[in-house]
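Work through the three exercises below with the model open. Try each task before reading its solution.

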Amino acid sequence: MSRILPTIVGAQFCCTSLWFAGNAVAPELAARFRLPPGSVASLTSAVQLGFISGTLLFALLALADRFSPSRVFFVSALAAATANLGVHLSGLGAEGLLACRFLTGFFLAGIYPVGMKIAADYYQEGLGRSLGWLVGALVLGTAFPHLLRSLTAALPWYYVTGATSALTVLGGVAMLLLVPDGPHRRPGQRPRLMAFLAGLRQPQFRAAALGYFGHMWELYAFWAFVPMVLAAFQARHPAAALPVPLLSFGILGGGSLACVGAGLLARRLGPTRVATTALALSGGCCLVSGLVLGGGSAVGLVAFLAFWGLVVVADSPMFSTLVARHAPAESRGAALTIVNCLGFALTIGSVQLTGWLAPRLPPQLLLLPLALGPALGLWALWRGKRVEAVKTH
């Protein structure tokens, strides 16, 4: 048992490095494939749309409930790594590039939510701590391509995509060989979509799901546009000489520490309180972002984005914990997958909206609309708490 959690965490890190592999080399891809302005939004949304399609299909077929989750993870990892390498094909056009990113996202649906399902099958007690490590691995994996790009700046862009595909294969093999089915797994014989929908009638499950949706509206748009915010500041202040890829990795990757810390803190305070606090802090960052992004201090900007990078994702394992805890036991895999599907659907809206607003708003106001997400999430958590208090009394 001692090897299980480290293996799941390591595999999750390796495989989710595919997520922003295209974003890390977006300028090179835009030049090679002659992409129009706003290509960052398109590359991000292609992966998200693929992930949504994949999670919906995985949930409808209940793959993680009907078959060994570790095997589903392994097969998905091989397929995702192959799709990621597809961008190397000669003669590929812009449509082919987006198709490869779409397929990468599609097979990530068998990695991220299935990894959470595997953790939930092993750790009924202390699930928040376990998912804190797991989501921390996702965050670090998502940021890792930016570090790769920083370290390989003098090398061709395809070193980043090649390295992330190799890592993904390694993660899939480790999960297959070292993580058997968990003791709390309850195999399903058929899709149980209606059981998930029935869960929405439960106030605690509904509050967790809506809180997660509000969190997701903010999260991926922030991650996708941090490099753009840094580059825009660099353009306005050339003397600052900001190492944009390295700073992007630090800002995004630092959130992994917040996930682990939140998981540990939840053991004392409870996941709901930790999620509410983190969501309130990240919502506050949205509201004051205009004051900082419009300033002239590079140190102030980086410090602010670093803090935001911590709180914007600290609630993610908490919401995953709450959803897993309150989902119907016989359809937990489907529930986690569908909630992920709907949450990532919202990220397309926020990423595309932010990309559309980028040339139309002053740079300092670009991230202000992200505050809508935390506002929704806080309202849902407050309402869920009120309903529960009424039932208790």
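The exercises cover backbone angles, exposure and side-chain contacts.

This is a predicted model, in which local features need pLDDT of at least 70, side-chain atom pairs count only at pLDDT 80 or more, and totals for chains, interfaces and linings use all residues. Residues are numbered from 1 along each chain as its sequence is written, and side-chain values use heavy atoms, with hydrogens and water left out.

**Exercise 1.** Locate Arg34 and describe its phi and exposure.

Step 1. Arg34 sits in the loop between helix H3 (26-33) and helix H4 (39-61). Helices are DSSP runs of H or I, at least four residues, numbered from the N terminus.
Step 2. Its phi is positive, about 55°, although Arg34 is not a glycine.
Step 3. Arg34 has a relative accessible area of 77%, so it is exposed. The cut-offs are under 20% for buried, over 50% for exposed and partly exposed in between, with a 1.4 Å probe and protein chains only.

**Exercise 2.** Do the same for Ala241.

Step 1. The loop between helix H12 (203-236) and helix H13 (244-253) holds Ala241.
Step 2. Phi of Ala241, a residue other than glycine, is positive and near 50°.
Step 3. Ala241 is exposed because its relative accessible area is 58%.

**Exercise 3.** Is Thr161 buried or exposed, and which residues does Thr161 touch?

Step 1. Place Thr161 in helix H10 (residues 158-178).
Step 2. Thr161 is buried because its relative accessible area is 3%.
Step 3. Thr161 touches Asn84, Leu85, Val87 and His88, not counting residues up to four places away in sequence. Contact means heavy atoms within 4.5 Å.
Step 4. The side chains of Thr161 and His88 form a polar contact of 2.4 Å. A polar contact is a pair of N or O atoms within 3.5 Å; within protein, one must be able to donate a hydrogen and the other to accept it, and residues adjacent in sequence count only if both atoms are side-chain atoms.

How values were computed
Helix = DSSP H or I, 4+ residues; strand = E, 2+ residues; numbered from the N terminus.
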